[in-house]
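Visitor: I have a structure open in front of me and I'd like to learn how to read it. Can we go through it step by step?

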Amino acid sequence: MAQSESEASNLERVAIKNLVHATSSDPNSKERSAGETEKPAFPSKPKAPQHRWTPEDDQKVLAWTAEHGPRRWTQLSAAVFSGARSPAQLRARYIDVLHPNRVDKAWTAEEDSLLLELVRQNGSHWTLIAENLEGRVANDAKNRFRLLMRAQRSDRRSASSV
């Protein structure tokens, strides 16, 4: 199907290259002051591969929690990671990914129905809900619930369009 000239013009107008912030190499951009730094075009993308979690990082966190328990994240950040990881990042990595009680397996239909029932009873108290789901942490329960709701909305839309 051929695009009309106005459709092609609209697509060009909203193309990624036109939506990204202008850089200092762009002749049309304004000059930056001496103290102003350039913002990344996509701030949510990892800035560099060295900022990704490595198996060695995970082992350091697990060794620390084995010795000190899952606490003192500020000390872990300073002593082991030299401030390269924030205490919040370390805690989140442990709780959401490395926790020894967490099971990384596919959700069953029984778990899905139990999750929906627990949300109906408890609302969005994910920690309380996760306590009733063996091998699941609060973040797992929240993410699965949101996925189920998205699938349910999609099913409703497709059924109503028929």
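Visitor: What share of the contacts with a separation of 6 or more comes from residues 24 or more positions apart?

Guide: First, a caution: this is a predicted model. In this chain, residues 24 or more positions apart make up 42% of the contacts with a separation of 6 or more.

Visitor: How many helices and strands does the chain have?

Guide: Eight helices and zero strands. Going along the sequence, you read the pattern α-α-α-α-α-α-α-α.

Visitor: How do I read burial, and what percentage of the residues count as buried?

Guide: Look at the relative accessible area: under 20% is buried, over 50% is exposed, and partly exposed is in between. Of the 162 residues here, 22% count as buried. The accessible surface of the chain is about 12300 Å², and carbon and sulfur atoms hold 52% of that.

Visitor: Let's try one. Is Thr65 buried or exposed?

Guide: Thr65 is buried, because its relative accessible area is 9%. You'll find Thr65 in helix 3, residues 55-68. Leaving out residues up to four places away in sequence, Thr65 touches Pro70, Trp73 and Tyr94.

Visitor: And where is Val80 found?

Guide: Val80 sits in the loop between helix 4 (73-79) and helix 5 (87-98). Its relative accessible area is 31%, so Val80 is partly exposed. Setting aside residues up to four places away in sequence, Val80 touches Lys60, Trp64 and Gln75. Val80 and Asp57 are 23 residues apart along the chain, and their C-alpha atoms are separated by 9.4 Å.

Visitor: What about backbone angles? Which residue in the loop between helix 3 and helix 4 should I look at?

Guide: Try Arg72, which lies in that loop. Phi of Arg72 is near 60°, a positive value in a residue other than glycine. Arg72 counts as partly exposed because its relative accessibility is 42%.

Visitor: What is the phi of Ser82?

Guide: About 50°, so to speak a positive phi in a residue that is not a glycine. Ser82 belongs to the loop between helix 4 and helix 5. With a relative accessible area of 65%, Ser82 is exposed.

Visitor: Last one: which residues gather in a patch of positive charge on the surface?

Guide: Arg150, Arg153, Arg156 and Arg157 form that patch. Take Arg150 as one of them: Arg150 lies in helix 8, residues 138-160. Its relative accessibility is 48%, so Arg150 counts as partly exposed.

Terms used
Residues numbered from 1 in each chain as written. Predicted model: local features only at pLDDT ≥ 70, side-chain atom pairs only at ≥ 80, totals over all residues. Heavy atoms only, no water. Patch = residues over 30% accessible without salt bridge, like charges linked within 9 Å, V, L, I, M, F, W, Y side chains within 5 Å. Areas by Shrake-Rupley, 256 points an atom, 1.4 Å probe, with all protein chains shown as cover. Salt bridge = Lys/Arg side-chain N within 4 Å of Asp/Glu carboxyl O. Lys, Arg positive; Asp, Glu negative; His and termini not counted. Charge placed at Lys NZ, Arg CZ, Asp CG, Glu CD. Helix = DSSP H or I, 4+ residues; strand = E, 2+ residues; numbered from the N terminus. Buried < 20%, exposed > 50% of the residue type's maximum accessible area, 1.4 Å probe, protein only. Contact = heavy atoms within 4.5 Å.
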